[in-house]
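I opened the notebook today to go through one chain, helix by helix and core by core. My entries below follow the order in which I looked things up.

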Amino acid sequence: MSADKQTSWSYTEGLPFEDEVLLRARERSYELGVSPISTGVGAALTVLAAASKAQTVVEVGTGAGVSGVCLLRGLGRQSVLTTIDSDVDHLRAAREAYREAGVAGNRTRTISGRAAEVLPRLTDGAYDMVFIDADKPSFPLYVAQAVRLLKRGGLLIVNDALDHGKVSDPAIREETTNTMRKVGKVIRDNDALVSSLLPTGDGLLLAVKTN
């Protein structure tokens with residue numbers, strides 16, 4: 001990245017304001033050994049949630065609730081966030097973040113379990129948005145399930161799509177990098193989706209289900 005682009009990226013990431021609720025959620029993330037989404041990604045999630053007017057959202061990978069709070073702040077008051085994580089400590093921290101953010105209890109559904117087992121039990125075509133930010137080796141499975149879950153016009157968001165900047169370098173053949181390349185190509189080549197890859201954070205891959 002050129003110096004100018006690096007400066008612009010840093011400026012973009014530093015521009016959003018985060019209140020005490022998000023800062024505390026970030027602290028809990030670090031205490032639990034979880035890498036939270038960047039500030040730029042958080043702001044983007046809030047904008048995308050607001051623009052989409054989504055009512056039903058699935059989040060794969062709860063973390064300590066940073067991304068969930070960002071999504072909920074963009075969603076309408078009648079919307080429901082279903083978030084999945086295999087770690088009960090993560091879910092407990094996320095619920096604390098939601099409470100601190102003033103989110104009504106009936107607007108969130110936290111599910112403890114492996115996403116690979118939970119997602120197939122969710123209803124086809126019932127969701128307006130799916131956000132994936134979990135274990136990268138399972139991303140191809142999560143993406144396939146997300147396409148099934150989304151309504152027509154629904155939005156798929158994949159975080160860390162550039163795998164720490166390694167996806168763009170063909171010389172890097174690490175397993176996670178190859179997986180993220182595969183995910184990008186599968187989404188790009190799916191005739192049911194229109195997609196775009198944004199450099200926000202560590203790469204935000206967006207796709208809308210058109211049929």
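**Helix α5 and its surroundings**

I began with helix α5 (residues 88-100), whose 13 residues should span 18 Å at 1.5 Å a residue, and I found its end C-alpha atoms 18 Å apart, which agrees. I note here that the model is a predicted one.

Next I looked up which residues of α5 are buried, and the list I wrote down is H90, L91, A93, A94, A97 and Y98. These residues cover an arc of only 160° around the axis, so they sit on the same side of α5. When I asked what covers them, I found that the cover includes α2 (20-32), β1 (56-60), α4 (66-74), β2 (80-85) and β3 (108-112).

I then checked the two ends of the helix. At the N-terminal end of α5, D87 acts as a cap, with a side-chain oxygen 2.8 Å from the backbone nitrogen of D89, while just after α5 I came upon G102, which takes a positive phi of about 75°.

Further along, in the loop between α5 and β3, I stopped at A104, which has a relative accessibility of 38% and therefore counts as partly exposed. I also noted that the C-alpha atoms of A104 and V80 are separated by 9.9 Å, although the two residues are 24 apart along the chain.

**The nonpolar cores**

I turned to the largest nonpolar core, which has 28 residues, and recorded that V58, I84, L119, I132, L156, V158 and I187 touch the most other members. At least two residues of this core come from each of β1, α6 (115-118), β4 (127-132), α7, β5 (150-159), α8 (175-189) and β7 (204-209), and α7 gives the largest share, six residues.

I followed I187 in detail: leaving out residues up to four places away in sequence, I187 touches V143, L156, V158, L193, S195, L205 and A207. Apart from the largest core lies another one, of 27 residues, and I listed I37, L71, L75 and I157 among its members. As background I wrote that nonpolar side chains tend to be buried together in soluble globular proteins.

**An aromatic pair**

Last, I searched for aromatic pairs and counted one. The ring centres of F139 and Y142 are 6.4 Å apart and the ring planes lie at 50°, so I entered the pair as tilted. Both residues belong to helix α7 (residues 139-149), where F139 and Y142 are three residues apart, about one turn of the helix, and I found both F139 and Y142 to be buried.

How values were computed: Residues numbered from 1 in each chain as written. Predicted model: local features only at pLDDT ≥ 70, side-chain atom pairs only at ≥ 80, totals over all residues. Heavy atoms only, no water. Phe/Tyr/Trp six-rings, centres within 6.5 Å; stacked < 30°, edge-to-face > 60°. Helix = DSSP H or I, 4+ residues; strand = E, 2+ residues; numbered from the N terminus. Buried < 20%, exposed > 50% of the residue type's maximum accessible area, 1.4 Å probe, protein only. Expected span 1.5 Å × (residues − 1). Arc of directions from axis to C-beta. Contact = heavy atoms within 4.5 Å. Polar contact = N/O pair within 3.5 Å; in protein donor to acceptor, adjacent residues only side chain to side chain. Core = buried A, V, L, I, M, F, W, Y, C linked by side-chain atoms within 4.5 Å.
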